[in-house]
Amino acid sequence: MFIDLDGFKEVNDAYGHAAGDRVLTTIADRLRTLLREGDLVGRVGGDEFVIVSTQISDAAAVAAVADRMVGAVAQPIDIGHASIDQTVSIGVATAETSVTAEALLARADFAMYEAKQAGRNRWAVYDDNTRQRVESNRQLIADLRSGLGTGQFEIWLQPELRLADDALVGFEALARWHHPTRGLVPAAEFIEAAESSGLIVELGNELVRTAFGQMALIVDAIGRGPRLRINLSRRQLLSDSILDLISDELDRSALAPEDLCCEITETALIDDPDGLVQRLERLRDLGVELAIDDFGTGYSSLTHLHVFPVGVLKIDRSFVAGLGTDHEATMIVRSVLGLAKSLDLEVVAEGVETEAQRQMLLDLGCDSAQGYLFAKPMPLAEALTYISSGVVQAS
Ligand code: C2E
Ligand code: CA
Ligand code: CA
């Protein structure tokens with residue numbers, strides 16, 4: 001088992017090295033209590049431990065031990081004047097007869113990387129494809145890094161229409177990447193890697209500026225009115241630069257603050273919402289609208305809904321897809337709309353692909369929608385053509 005502390009540098013930076021040492025020895029003690037006779041534990045780097053066990057023979061036992069280790073470390077650590085929540089990511093590799101110690105360690109290290117990628121504070125087991133997945137993920141991140149600032153990233157715009165009369169409400173800005181060898185890559189394939197590597201802050205800022213620039217040209221063409229919806233990831237929202245960036249862009253732009261809506265996914269809001277709520281409130285203070293994206297996929301935030309200063313819910317595509325055919329999905333859409341109505345929130349449906357879905361949403365009282373039925377995301381030039389083809393603006 002290759003064990004790496006999550007974000008340990010921040011502990012040293014925030015509390016000093018004596019506190020860091022205290023955290024390391026506490027974790028070492030906790031790991032040791034979970035060892036069995038004959039197991040070996042060592043510290044192999046600043047914040048890395050390795051455990052070698054010859055006692056475990058099956059996958060279920062490995063899972064149980066790894067679970068216990070992750071859980072034991074995650075207990076708060078008292079450093080006197082503060083309590084620290086330190087977590088670890090663990091990579092597990094099992095030895096067949098032919099593997100060298102070095103190769104085994106490398107495998108556990110690859111698995112650890114995947115545990116980090118999957119969100120830290122967890123363990124992952126090495127399998128036949130782990131190395132390849134990790135290497136292509138690292139390549140993706142390297143390509144992202146070298147693509148920053150070179151014009152490889154673009155914003156495409158997807159129209160959002162009011163269901164009652166098909167009037168244009170605004171555009172959602174969606175990232176696209178002109179990868180030098182892979183061609184056009186949709187956001188779904190690189191935003192997560194940008195987020196996990198931290199590159200999302202720089203990339204996201206670049207994209208936000210681009211989106212504002214494009215909206216300026218749209219406002220030139222048709223005047224103020226259409227809203228700009230941008231996606232912000234958790235790390236972007238927590239970054240130091242985000243509030244200045246958005247208020248600067250608003251100052252320079254033809255858009256009024258209420259024409260801007262920042263979307264944040266429901267899942268990003270679930271963990272530790274406190275710091276995020278503060279950020280969202282500051283954005284709200286700027287006059288910006290806020291939306292919960294992919295609503296319905298996070299389950300827990302129904303109960304927290306009132307603590308987020310949001311005005312818009314975007315119903316996730318997966319529920320819209322099941323409208324009228326899947327009973328559960330239909331019930332969820334229905335109850336989200338009922339909930340939104342009672343909390344006086346606006347609802348946007350995502351991923352509307354059929355006329356039947358459009359009609360049901362309209363009947364259920366949904367305000368607006370986007371999806372392939374109306375238009376796919378498109379580059380700016382096409383969006384300008386789309387507008388000039390006679391789309392009516394929502395009033
Ligand atoms: P999202 O915000 O939920 O965006 C909607 C996704 O659904 C987009 O995928 C869009 O192209 C796709 N879509 C729209 N209509 C339909 C439809 O009718 N059917 C189907 N099957 N798909 C539809 P895309 O562009 O790949 O974006 C994926 C996700 O990446 C977005 O999900 C958003 O969470 C994130 N993202 C996109 N651009 C940015 C960005 O600039 N910054 C950040 N932080 N995240 C972004
Ligand atoms: Ca979105
Ligand atoms: Ca969404």
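A residue counts as exposed when its relative accessible area is over 50%. Aspartate 344, at 70%, is therefore exposed. This is a predicted model. Its chain comes to 16 helices and 16 strands. Of the 395 residues in the chain, 49% are buried. The C-alpha trace spans about 75 × 50 × 45 Å along its principal axes.

**Calcium ion, ligand 2**

- Four protein donors serve the calcium ion (ligand 2): Glu172 (OE), Asn231 (OD1), Glu263 (OE) and Asp293 (OD).
- These donors lie 2.1 to 2.3 Å from the ion.
- Their spacing in sequence is E-x58-N-x31-E-x29-D.
- The pair glutamate 172 and glutamate 263 links distant parts of the chain, 91 residues apart.
- Glutamate 172 sits in strand β9 (residues 168-179), and glutamate 263 in strand β12 (residues 260-265).
- Both of these glutamates, 172 and 263, are buried.

**Calcium ion, ligand 3**

- For the calcium ion (ligand 3), the protein donors are Asp293 (OD), Asp294 (OD), and Glu350 (OE) listed twice.
- They lie 2.0 to 2.5 Å from the ion.
- The donor residues follow the spacing D-D-x55-E in sequence.
- Here too the chain is linked across a distance: aspartate 294 and glutamate 350 are 56 residues apart.
- Aspartate 294 belongs to strand β13 (residues 289-295), while glutamate 350 is in the loop between β15 (346-349) and α15 (355-363).
- Aspartate 294 is partly exposed, because its relative accessible area of 24% falls between the 20% and 50% cut-offs.
- Glutamate 350 has a relative accessible area of 10%, which is under 20%, so glutamate 350 is buried.

**The bridge between the ions**

- Aspartate 293 bridges the calcium ion (ligand 2) and the calcium ion (ligand 3).
- The two ions lie 4.0 Å apart.

**Positive phi angles**

- Aspartate 294 has a phi near 55 degrees, a positive value in a residue other than glycine.
- This residue, aspartate 294, is placed in strand β13.
- Aspartate 344 also has a positive phi, about 60 degrees, and is not a glycine.
- Aspartate 344 lies in the loop between α14 (327-343) and β15.

**Helix α11**

- Helix α11 (residues 273-285) has 13 residues.
- At 1.5 Å a residue, the helix should span 18 Å, and its end C-alpha atoms are 18 Å apart, so the two values agree.
- Buried residues in α11 are Pro273, Leu276, Val277, Arg279, Leu280 and Leu283.
- Viewed down the axis of α11, the buried residues fall within an arc of 165 degrees, so they line one face of the helix.
- An α-helix has 3.6 residues a turn, so residues three or four places apart point the same way.
- Asp274, Gln278, Arg282 and Asp285 are exposed on the other side of α11.

**Second largest pocket**

- The second largest pocket has a volume of about 540 Å³.
- Its lining has 28 residues, and Met1, Ser53, Val92, Ala93 and Thr94 are those nearest the centre of the pocket.
- By class, 21 of the lining residues are nonpolar, four are polar and three are charged.
- At least two lining residues each come from β3 (48-52), α3 (59-74), α4 (101-117) and β7 (122-125).
- Helix α3 gives the largest share of the lining, five residues.

Technical notes
Residues are numbered from 1 along each chain as its sequence is written. Chains are lettered from A and ligands numbered from 1 in the order in which they are written. This is a predicted model: local features need pLDDT of at least 70, side-chain atom pairs count only at pLDDT 80 or more; totals for chains, interfaces and linings use all residues. Side-chain values use heavy atoms; hydrogens and water are left out. On a 1 Å grid over the protein atoms alone, a cavity is a set of points where a 1.4 Å probe fits but cannot get out, and a pocket is an open set with protein on both sides within 12 Å along at least five of seven lines; lining residues have an atom within 4 Å of a point. Grid points are joined across faces, edges and corners, and a volume is the space filled by probe spheres set on the points. Helices (H or I, at least four residues) and strands (E, at least two) are DSSP runs, numbered from the N terminus. Ala, Val, Leu, Ile, Met, Phe, Trp, Tyr, Cys and Pro count as nonpolar, Asp, Glu, Lys and Arg as charged, and the others, Gly among them, as polar. Donors are N, O and S atoms within 2.8 Å of the metal (3.2 Å for Na, K and Ca); water is not among the atoms, so sites may look incomplete. Buried means under 20% relative accessible area, exposed over 50%, partly exposed in between (1.4 Å probe, protein chains only). The expected span of a helix is 1.5 Å times one less than its number of residues. The arc is that of the directions from the helix axis to the C-beta atoms.
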